[in-house]
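User: I'm new to this one and would like a walk through it. Can we take it step by step, with some reasoning along the way?

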Amino acid sequence: MSDIKHMKPISDEEKRELSEHLSKALIPLQKTCATLREVVLKSSFAELEEALLSLGKIAQNLLKPKISDEELKKRISAYEAWGNYGWVEPPDSPPHLFLSIPDNQETANSIVMQYCKPHNIEEIFAELENQKHVRKSDLREAKFCFDNKKYKSCAMLLFAMTDGRLIRLFDKIEKKRRPSGKAAAKQIIDHILLEYSEVNGLSIYLRLHGLLKCTNCVWAFGDDFRMQPSTINRNYILHGMRWKNVTRTECIQALLLYYELIVILDTLHVKKISMPS
């Protein structure tokens, strides 16, 4: 599964909007290029510098998504709602899948599972094999468990691998414990969002918000394990307090969470993060 395959197809409506936006944006670009040509011929450094700055501003405007603040908030809320159901966006799902909020957990599960057929899962495991920050022996063991329908064992491994990736992002400091689980995820995503906005890339920006809510859901506090959670919960499974068997659907939730974390961190080249004081 290549990086190109991860990109969502553009809808007809988006194509029209993009075409109109580019047509308008290219008008000043054409003028600036004409000016730049004249400046280069005249060898005026000051004018050349000004023309290049204009080009930079135009390029920046071209990259900005044409979306209102209100619409952006709606989309963030939608991705967060899916995260609260324990789901992140499957890599092979169509565009805008997560912009409609499901009514309940059952509906959310049935929608996402349409894009989690056996061949989709095979591709996810294969893509993870090519990722740098993945312990391959653990991944292959998780896949073995999944293929043999040992879903609780698979989920336990995936949660451990997710925790490990989060913990290792923090520098070791003597006599100070590194965060894990949802606390680590929150610190990491908050750190990313200090410099990353929808202007850098709307899709990943929305996915970051969804990923944070998903980790909050999956690592939700057990409250002394008094009530069984409505969706998969890492704490209940790893502490042996899960009454029911882990289903294939729930195991896929754990897999997608791990996959999303790995892909986003590697795509954004997230390095070591300093421990908060």
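User: Let's start with R165. Is R165 buried or exposed?

Analyst: Bear in mind that this is a predicted model. R165 has a relative accessibility of 8%. The cut-off for buried is under 20%, so R165 counts as buried.

User: Which side chain does R165 meet in a salt bridge, and how far apart are the N and O?

Analyst: The partner of R165 is D266, whose side chain meets it in a salt bridge. This pair links distant parts of the chain, 101 residues apart, with R165 in helix α8 (residues 151-168) and D266 in helix α12 (residues 248-267). D266 is buried as well, with a relative accessible area of 17%. So the partner is D266, and the N to O distance is 3.6 Å.

User: How does T162 sit in helix α8, buried or exposed?

Analyst: T162 is found in helix α8. Leaving out residues up to four places away in sequence, T162 touches W219, Y258 and L261. Its relative accessible area is 1%, so T162 is buried.

User: Stepping back, how many helices and strands does the protein chain have?

Analyst: Reading from the N terminus, the elements run α-α-α-α-α-α-α-α-α-α-α-α. Buried residues make up 42% of the 277 residues in the chain. The tally is twelve helices and zero strands.

User: Of the contacts between residues at least 6 apart in sequence, what share joins residues at least 24 apart?

Analyst: One example of a long reach along the sequence is G210 with V88: they are 122 residues apart in sequence but 6.3 Å apart in space, C-alpha to C-alpha. Across the protein chain, the share joining residues at least 24 apart is 63%.

User: Where is G210, and which residues does it touch beyond those up to four places away in sequence?

Analyst: G210 is found in helix α10. With 5% relative accessibility, G210 counts as buried. Setting aside residues up to four places away in sequence, it touches Y79, E80, G83 and V88.

User: What about helix α10 as a whole: how many of its residues are buried?

Analyst: Helix α10 covers residues 202-218, and its first and last C-alpha atoms are 24 Å apart, close to the 24 Å expected. It is largely enclosed by the rest of the structure, because the buried count is 14 of the 17 residues.

User: Which helices do the buried residues of α4 pack against?

Analyst: Helix α4 (residues 69-84) has 16 residues that should span 22 Å, and its end C-alpha atoms are 22 Å apart, so the two agree. Its buried residues include L72, I76, Y79 and W82. Just after α4, G86 takes a positive phi of about 85°. As for what the buried residues of α4 pack against, it's α5 and α10.

User: How do helix α5 and α12 cross: roughly parallel or roughly perpendicular?

Analyst: Two packed helices are described by the angle between their axes and the distance between the axes. The axes of helix α5 (residues 105-113) and α12 come within 11 Å and cross at roughly 70°. That makes α5 to α12 roughly perpendicular.

User: What kinds of residues make up the contact of α5 with α12?

Analyst: On the α5 side are Q105, N109, V112 and M113, and they meet R248, T249, I252, Q253 and L256 in α12. Sorted by kind, the residues of this contact come to four nonpolar, four polar and one charged.

User: Back to salt bridges: what separates K143 and D147 along helix α7?

Analyst: K143 forms a salt bridge with D147, with the closest N and O atoms 2.7 Å apart. K143 is partly exposed at 22% relative accessibility, and D147 is partly exposed too at 40%. Because they are four residues apart in helix α7 (residues 136-147), what separates them is about one helical turn.

User: Which residue forms a salt bridge with E250?

Analyst: E250 is buried, with a relative accessible area of 11%. Its partner is also buried, at 13%. The closest N and O atoms of the pair are 2.7 Å apart, and the partner is R242.

User: And how many salt bridges are there in the whole structure?

Analyst: Besides the pairs above, there's a network of salt bridges linking E71, K74 and R75. A search of the whole structure gives a total of eleven.

Note on methods. Residues are numbered from 1 along each chain as its sequence is written. This is a predicted model: local features need pLDDT of at least 70, side-chain atom pairs count only at pLDDT 80 or more; totals for chains, interfaces and linings use all residues. Side-chain values use heavy atoms; hydrogens and water are left out. A salt bridge is a side-chain nitrogen of Lys or Arg within 4 Å of a carboxyl oxygen of Asp or Glu. Helices (H or I, at least four residues) and strands (E, at least two) are DSSP runs, numbered from the N terminus. Buried means under 20% relative accessible area, exposed over 50%, partly exposed in between (1.4 Å probe, protein chains only). The expected span of a helix is 1.5 Å times one less than its number of residues. Axes are lines fitted to C-alpha atoms, for helices over the stretch in contact, and angles run from 0 to 180 degrees between N-to-C directions. Angles under 35 degrees count as roughly parallel, over 145 as roughly antiparallel, 65 to 115 as roughly perpendicular and the rest as oblique. Contact means heavy atoms within 4.5 Å. Ala, Val, Leu, Ile, Met, Phe, Trp, Tyr, Cys and Pro count as nonpolar, Asp, Glu, Lys and Arg as charged, and the others, Gly among them, as polar.
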